[in-house]
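Trainee: Please choose one part of this chain for a close look, and describe it in one connected account, working from its ends to its interior and then to its surroundings.

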Amino acid sequence: DVQQNYLTLSQESEKHGDRGSLRCSTWGKKVSAIHKSIIARYEKQGEALFEGKKVWVCEACGFIAISEEVPTMCPICKAPSSRFSLIKGEV
């Protein structure tokens, strides 16, 4: 289970005081949950999920945003909009 793996990583990171690994684990848990949610929504809505929207991915953490405009900042890792790549839709 992905979430259990992130929990184990978090615990080990805390035990060793490794803030970088702890941050990576936290981001990973959040992004994995968002990906799972997007997949569930796509299974229900199909391509209608993307109507009038673009799909952006944060190059720093993998967060996926489905919106008309590029996010101003990544809600997961706080990367600026310049770190987002358009993967579906037209600019």
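Mentor: Helices are taken here as DSSP runs of H or I with at least four residues, strands as runs of E with at least two, and both are numbered from the N terminus. The model is a predicted one, and the part I have chosen is helix α2, which covers residues 19-45.

To place helix α2 first, the chain contains two helices and three strands, and their order from the N terminus is α-α-β-β-β. The C-alpha trace of the chain extends over about 45 × 30 × 15 Å along its principal axes. Helix α2 has 27 residues, which at 1.5 Å a residue should span 39 Å, and because its end C-alpha atoms are 39 Å apart, the expected and the computed lengths agree.

The approach to helix α2 is through Gly17, which belongs to the loop between α1 and α2 and follows just after α1 with a positive phi of about 65°. Gly17 counts as exposed because its relative accessible area is 56%, and the cut-off for that class is over 50%. Its C-alpha atom is separated by 22 Å from that of Val2, 15 residues away along the chain. At the start of α2, Asp18 places a side-chain oxygen within 3.2 Å of the backbone nitrogen of Gly20. At the other end, Gly46 comes just after α2 and takes a positive phi of about 65°.

Between those ends, the buried residues of α2 are Ser25, Gly28, Val31 and Ile38. In reading such a list, it helps to recall that an α-helix has 3.6 residues a turn, so residues three or four places apart point the same way. The buried residues of α2 pack against α1 and β2. Ser25 is one of these buried residues, and its relative accessibility of 0% is why it is placed in that class, for which the cut-off is under 20%. Setting aside residues up to four places away in sequence, Ser25 touches Tyr6, Leu9 and Ser10. For the chain as a whole, 27% of the 91 residues are buried.

The first packing partner to consider is helix α1, residues 2-16, whose 15 residues should span 21 Å at 1.5 Å a residue; its end C-alpha atoms are 21 Å apart, so here too the two values agree. Gln4 is a residue of helix α1, and it counts as partly exposed because its relative accessibility is 41%. The C-alpha atom of Gln4 lies 20 Å from that of Ile39, a residue 35 places away along the chain.

The other partner is strand β2, residues 64-67, in which Ser67 is found. The side chain of Ser67 reaches the backbone oxygen of Glu69 at 2.6 Å. Apart from residues up to four places away in sequence, Ser67 touches Lys53, Lys54 and Trp56.

Beyond strand β2, the account continues with strand β1, residues 54-58, which includes Val55. Val55 is counted as buried because its relative accessible area is 6%. If neighbours within four places in sequence are left aside, Val55 is in contact with Phe50, Ile64, Ala65, Ile66, Ser85, Leu86, Ile87 and Lys88. With Lys88, which is 33 residues away along the chain, the C-alpha separation of Val55 is 4.9 Å. Over the whole chain, 40% of the contacts between residues at least 6 apart in sequence join residues that are at least 24 apart.

The glycines that follow the two helices can be set beside Lys78, which lies in the loop between β2 and β3. Most residues other than glycine have a negative phi. Lys78, although a residue other than glycine, has a positive phi near 70°, and its relative accessibility of 51% is why it counts as exposed.

As for the surface of the chain, about 6200 Å² is exposed, of which carbon and sulfur atoms supply 53%. The chain carries 13 positive and 11 negative side chains, with the centres of the two sets 6 Å apart. To return to helix α2, the picture is of a run with Asp18 reaching Gly20 at its start, Gly46 with its positive phi just after it, and buried residues that pack against α1 and β2.

Definitions and conventions. Residues numbered from 1 in each chain as written. Predicted model: local features only at pLDDT ≥ 70, side-chain atom pairs only at ≥ 80, totals over all residues. Heavy atoms only, no water. Buried < 20%, exposed > 50% of the residue type's maximum accessible area, 1.4 Å probe, protein only. Contact = heavy atoms within 4.5 Å. Areas by Shrake-Rupley, 256 points an atom, 1.4 Å probe, with all protein chains shown as cover. Lys, Arg positive; Asp, Glu negative; His and termini not counted. Charge placed at Lys NZ, Arg CZ, Asp CG, Glu CD. Expected span 1.5 Å × (residues − 1). Polar contact = N/O pair within 3.5 Å; in protein donor to acceptor, adjacent residues only side chain to side chain.
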